[in-house]
Amino acid sequence: MTDAEQRAGAKLFVQDWTGRGYEKGQSQPFWLALLRDIFGIAEPEKYISFEEQVKLDHTSFIDAYIPATHVMIEQKSLGKDMRKGIRQSDGSVLSPLQQAKRYAAELPYSQRPRYIVTCNFSSFLVYDMENPQGEAAEILLENLPDEYYRLSFLVKEENEHIQKEIEISVQAGNLVGKLYDALLQKYIAPDDEETLKDLNILCVRIVFCLYAEDAGIFGAHGMFHDYLARNRQNCRRALLDLFRVLDTKIEDRDPYMDDELAAFPYVNGGLFAKEDVTIPKFDDTIIDIILRECSEQFNWSHISPTIFGAVFESTLNPDTRRSGGMHYTSIENIHKVIDPLFLDELRDEFQKISEEKRKKERNKKLRQFQDKLASLNFLDPACGSGNFLTETYMSLRKLENEVISLLNDGSQVLGGLDNPIKVQISQFYGIEINDFAVTVAKTALWIAESQMMKETELIVHMELDFLPLTTNAYIVEGNALRMDWGDVIAPEKLNYIMGNPPFVGLALRTKSQQEDMNLVFKNNKLAGRLDYVAAWYKKAAEFMINIPLLKAAFVSTNSIVQGEQVPILWTALLDELHMEIKFAYRSFIWQSESNERANVHCVIIGFGLPSNENKIIFENGRYKYVKHINGYLVDAPNMFIHLRGKAQQGYPKLVQGNKPWDGGYLILSQEMRDFLLDKYPQCQNFIKLYIGSREFINGKRRYCLWLKDVPPNEYRNIPEIRERLEMVRRTRQNTKTIAVQKQAEIPMLFSQIRQPDTDYILIPETSSSSRKYIPIGFMDKNIIASNSTLVAKTDSLYLFGILTSNVHMAWVKTLCGRLKSDYRYSPSLYNNFPWPTPTDEQKARIEETAQGILNARALYPDASLADLYDELAMPLKLLNAHRENDKAVITAYGWNWRGLSESECVARLMKLYQQMSSQS
């Protein structure tokens, strides 16, 4: 929305709500209208949640919560004083702010509010929990037309500091790319593999030096810059000398070396160990890029090592450079993995310790907690440039710095220790197949170590020595699926496995990757249908088999919890290896933070050996505690939907449409159809409208030669048709499928004919997942359905109503296979669907609402189904017709349609399926 639109919306909002406001009845309309009319949230009911339960010593409810921006709202009626205490049901007297804080303390750490807003309809008090002792900012309703922007935090999702780090890190990546290109031109053999490896090492070293001088690691500011500037005429020799010095201990150095070289510290860590790195001659352009653009005009100390490691690696990776991509996993998405895996629990533990009133007891527990942090070990078996490891290290160090701050308590030094830091990068282990990514991951962790040490120095008021590097991350180069992870770290020493393994589907898998899969799944033929990422799940589960406290969490494509992959993978993990799912993010869009944004539909799954703890399902910014999570990421028992070959009793058979296998010669365009009809009017008898998924949804027209039961004398003498039939014959003769070769004898017929002899229901086999409903429709028996559709011989409005309901859609979304992110409907979904058992009245109501959907569609005769079911353009009358149908179907199951979530619906359907299966 523009500024003018927001002001106008705020003005109308104030007019509507001045003098109104009853807490119990009007809170939800108030906040929904504010988000929609002032901040342009199209579907505010999906953006803000109301009355979420929290468990205190009794059940309480959060008035409102905005998950995307971590805003908690405590709403009071008009006229209530929000700074005064109000007696609670347990007898305590709490102000609205104190109420909200009490609720917040019961939430998982990652869900706790950044802002708390207390509101009485005429005034907003805003508390920033980053400054918990600060005064509330007050915003009056009457001033909203001029001050609406002060509530922009309700919808502004990015943390400004993180966003700044991201921008700087991407700028750094662009600078590295520019330097890389300039250097590459100077090599004699720029395409040679060894050249590229040397160039990558050279870029890593230069970047480390640029960072080290800006971060004060080298000592004097601008030390690297000044050294190169003084040696501009022989920059190549100067770098060779510098790299050698940086890898030499002070006591082993030439006592007569130049003072400017001797001033550089000993780095250690292996970054400068390789002495035979080829460095080309530098020209003025390269030197200017380093001195002016990289050093004088850019501050490397402000980069985010979590993001920059990935940006750096992708900048210099030949594949991503060719595609123009610069890819990294956002910090927010990394925390979706590590927070529920371990960080929420650690933060909660620290919070409880910090609230201990007895200082001696608190300090004792703080030291024990710090020792615990220093004892944890982490493995990312597909670590890439180390972003998960780096962000985890920084998160642990931030927690440790809070511990140190409380222990320090304002004193000059911490208990006389030279270095109060215990958390080390040597607690972090990784496996990565790309040698350059291994180097980048180690460098990113060193940069992270440097940055966090600076924060510790501010707490203890003393300088700490970063160099020489005394710790090292154990990042190992190798194929994680072909090596024993125990060679990297023994399972009994490990606490957590995490990461974002490669997303590769069956169609894109290389021969080598298929061999990896065969090795992990021991040549299980069914495992060949799994995504490549499934191998990491299997490998991790086997690694954890005897370690009850070891847990893992991976980001994955959502296909591993859909369709045919579920029984293959999760039977192995849940039944055979006795794992359980600890937490799960149901399907969401994982946006690649790149200059070529690629959206992938993903899930995050945490798993390990069984325990009594509650499990958590995250969905649409909300979460809920459950007793069990199955392989479909639903709160339901372990069960798998297996292929059922026939429809349930009383329901029509659903089959694939007609398959031509004709090389396209039985199919006619509009132009060819018009030509034949104009020249040979008798063709009217056998040229039929031909409809596939695309034509059905988008309102396009194609035709076909439908010669079933047509006397040969009506078409055999038409040259254009004879020519087409001859091409069909040749196409079938040349195929490798024997059954189709035999059909070359009957080229006038479709290869597989399943056309209903009555009107029928058509379901597109493939349709976009962006639609709330799969468009389904009734077809005339003379319209030929292609094999990209599914057809059921029926004119039942009741069946249509069920199939087009949100209950059936919940089943489809959870269980169907996918083509990219599109739904792939199959007879198995239909055959296994648990149908309701409605009363006559309920069935009649479904028929009525189903007809209402058809009537609403008919109001827009020129609109295609793609137009009508576009999420942003769906007509209100059609949307309301679907809503009425949804209510009728839910009621037929005996459920309450109010507040029934999609995941709860699926869980109930699965229980019905289980009952149905046990009875059959």
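This briefing covers the nonpolar cores, sheets, helix packing and selected residues of one structure. The model is predicted. Its largest nonpolar core has 123 residues, and helix α7 (residues 193-214) gives the most to this core, with 11 residues. Another core, of 122 residues, lies apart from it. Two open sheets of four strands are described, one with antiparallel pairing and one with mixed pairing.

**Nonpolar cores**

- Within the largest nonpolar core, the residues with the most contacts are M72, F224, F282, W300, F342, Y393 and L396.
- Helix α7 is the element that gives the most to this core, and its share is 11 residues.
- The separate core of 122 residues includes A541, L573, I641 and A892.
- Leaving aside residues up to four places away in sequence, L396 touches F342, L343, L346, L373, F378, V423, Q427 and F428.
- F342 is thus named twice: it is among the residues with the most contacts inside the largest core, and L396 touches F342.
- As a general point, nonpolar side chains in soluble globular proteins tend to be buried together.

**Antiparallel sheet with β18, β26, β22 and β24**

- The strand order in this open sheet is β18-β26-β22-β24, and the pairing is antiparallel.
- β18 (654-656) and β24 (777-779) each have a single partner strand and stand at the edges, so one side of each has no neighbour in the sheet.
- On average, neighbouring strands of this sheet are turned by 35 degrees against each other, direction ignored.
- β18 and strand β26 (residues 789-792) run antiparallel and are joined by three bridges.
- Q656 has L790 of β26 as its bridge partner.

**Mixed sheet with β19, β21, β20 and β25**

- The other open sheet also has four strands, in the order β19-β21-β20-β25, with mixed pairing.
- Its edges are β19 and β25 (784-785); each has a single partner strand, so one side of each is left without a neighbour in the sheet.
- Strand β19 (residues 667-668) pairs with strand β21 (residues 702-705) in the antiparallel sense, over two bridges.
- The bridge partner of L668 in β21 is Y703.
- Strand β20 (residues 687-691) also pairs with β21 in the antiparallel sense, over four bridges.
- Opposite I687 stands L705 of β21.
- In general, the strands of a sheet pair through backbone hydrogen bonds, either parallel or antiparallel.

**Helix packing**

- The axes of helix α28 (residues 840-858) and helix α30 (residues 876-892) are 9 Å apart, and the two helices pack at an angle of about 165 degrees.
- Because angles over 145 degrees count as roughly antiparallel, α28 is roughly antiparallel to α30.
- The crossing of these two helices, α28 and α30, is left-handed.
- On the α28 side, the contact is made by Q842, R845, I846, T849, A850, G852, I853, A856 and R857.
- On the α30 side, the contact is made by K877, L878, A881, H882, E884, N885, A888, V889, T891 and A892.
- A892 is also one of the residues of the 122-residue core.
- α7 packs against helix α8 (residues 223-230) at an angle of about 120 degrees, with the axes 7 Å apart.
- That angle makes α7 oblique to α8.
- I206, C209, L210 and E213 of α7 meet M223, F224 and H225 of α8 in this contact.
- F224 of α8 is also among the residues with the most contacts inside the largest nonpolar core.

**Selected residues**

- Q513 lies in helix α18 (residues 511-520).
- At 17% relative accessibility, Q513 counts as buried, because the cut-off for buried is under 20%.
- Q513 touches V504, L508 and Y532, with residues up to four places away in sequence not counted.
- D63 is in strand β2 (residues 59-66).
- With 12% relative accessibility, D63 also counts as buried.
- D63 and M453 are 390 residues apart in sequence, and their C-alpha atoms are 41 Å apart in space.
- R358 lies in the loop between α14 (331-354) and α15 (359-375).
- The relative accessibility of R358 is 54%, so R358 counts as exposed.
- R358 and L12 are 346 residues apart along the chain, and 54 Å separates their C-alpha atoms.

Technical notes. Residues are numbered from 1 along each chain as its sequence is written. This is a predicted model: local features need pLDDT of at least 70, side-chain atom pairs count only at pLDDT 80 or more; totals for chains, interfaces and linings use all residues. Side-chain values use heavy atoms; hydrogens and water are left out. A nonpolar core is a set of buried Ala, Val, Leu, Ile, Met, Phe, Trp, Tyr and Cys residues joined through side-chain atoms within 4.5 Å. Buried means under 20% relative accessible area, exposed over 50%, partly exposed in between (1.4 Å probe, protein chains only). Contact means heavy atoms within 4.5 Å. Two strands pair if DSSP finds at least two bridges between them. Axes are lines fitted to C-alpha atoms, for helices over the stretch in contact, and angles run from 0 to 180 degrees between N-to-C directions. Angles under 35 degrees count as roughly parallel, over 145 as roughly antiparallel, 65 to 115 as roughly perpendicular and the rest as oblique. A crossing is left-handed if the near helix is turned anticlockwise from the far one by less than a right angle, and right-handed if clockwise.
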